[in-house]
Amino acid sequence: MTEDIGGSEEISTYTGASSRSDADENGVSAAEFVRERHHISPVHEYVVDHGKSVPRTNVEHTCLEGRDIALSQDVTDDERELIAEGIRATKPQRKACFANAIQLWEYDHRFTYAEGFAVPPGFDIAIEHAWCFLNDEKLVDVTAEFNNYFGAVISDKETLIRYTKDDEIGYGIIGNHHNHFEFLRERGYVQK
């Protein structure tokens with residue numbers, strides 16, 4: 001479950017509890033990890049300010065269309081079929097989370113793009129990652145099976161379209177070093 005703490009027209013802002021119930025079997029949650037390191041980078045800071053948490057207790061690792069993926073546990077059969085259709089249409093690639101997530105959004109706007117940090121199984125660190133939410137609430141990660149997630153939802157259509165270009169699609173939006181963190185500069189998180 002996530003908790004809405006306000007928002008804007010462009011970015012949905014959320015926060016989730018960072019209690020031990022968010023932590024995986026190693027005792028770390030993505031939200032805890034990022035909050036403790038918010039001072040490290042503007043990416044961390046932005047995600048702390050606008051993050052939505054998905055704890056391990058809400059994540060199901062499953063196989064769909066021959067891919068090992070992570071979903072919210074409450075995804076319905078009809079939603080699984082939509083996700084399967086999206087996988088068939090977009091053909092997600094390993095280690096291409098930013099491109100996979102934005103292509104799923106392009107396929108069907110019921111998928112919303114999220115970028116932030118996720119904890120891989122067996123690790124006690126969170127790494128930069130991108131995934132989607134179905135209907136703004138249910139986790140859909142067609143790239144990998146992480147244990148828990150903490151990231152910001154980007155819902156502004158113009159911003160998303162800008163990052164679907166071939167020269168930008170694989171670099172993400174929030175943590176895009178390729179364009180010198182343009183998204184964060186535009187929001188005051190990086191000095192111009």
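**Exercise 1.** Does Glu 36 count as buried or exposed, and what is its relative accessibility?

*Solution.* In this predicted model, the relative accessibility of Glu 36 is 51%. Because a residue is called exposed when its relative accessible area is over 50%, Glu 36 counts as exposed. As a next step, consider its partner: the side chain of Glu 36 meets that of Arg 37 in a salt bridge, with 3.5 Å from N to O. Arg 37 has a relative accessible area of 26%, and is therefore partly exposed.

**Exercise 2.** Find which residue forms a salt bridge with Arg 80, and state which parts of the chain the pair ties together.

*Solution.* The partner is Glu 60, and the closest N and O atoms of the two residues are 2.8 Å apart. Arg 80 belongs to helix H3 (residues 77-90), while Glu 60 belongs to strand S4 (residues 59-64), so the salt bridge ties together parts that are 20 residues apart in sequence. Glu 60 itself counts as partly exposed, at 22% relative accessibility.

**Exercise 3.** Describe the salt bridge between Glu 186 and Arg 162, and then place the pair in its network.

*Solution.* The side chains of Glu 186 and Arg 162 meet at 3.2 Å, taken from N to O. Since Glu 186 lies in helix H6 (residues 182-186) and Arg 162 in helix H5 (residues 157-162), the pair ties together parts that are 24 residues apart in sequence. Glu 186 is partly exposed, with a relative accessible area of 42%, and Arg 162 counts as partly exposed at 27%. Finally, both residues belong to a network of salt bridges that links Arg 162, Glu 182, Glu 186 and Arg 187.

Terms used:
Residues numbered from 1 in each chain as written. Predicted model: local features only at pLDDT ≥ 70, side-chain atom pairs only at ≥ 80, totals over all residues. Heavy atoms only, no water. Salt bridge = Lys/Arg side-chain N within 4 Å of Asp/Glu carboxyl O. Buried < 20%, exposed > 50% of the residue type's maximum accessible area, 1.4 Å probe, protein only. Helix = DSSP H or I, 4+ residues; strand = E, 2+ residues; numbered from the N terminus.
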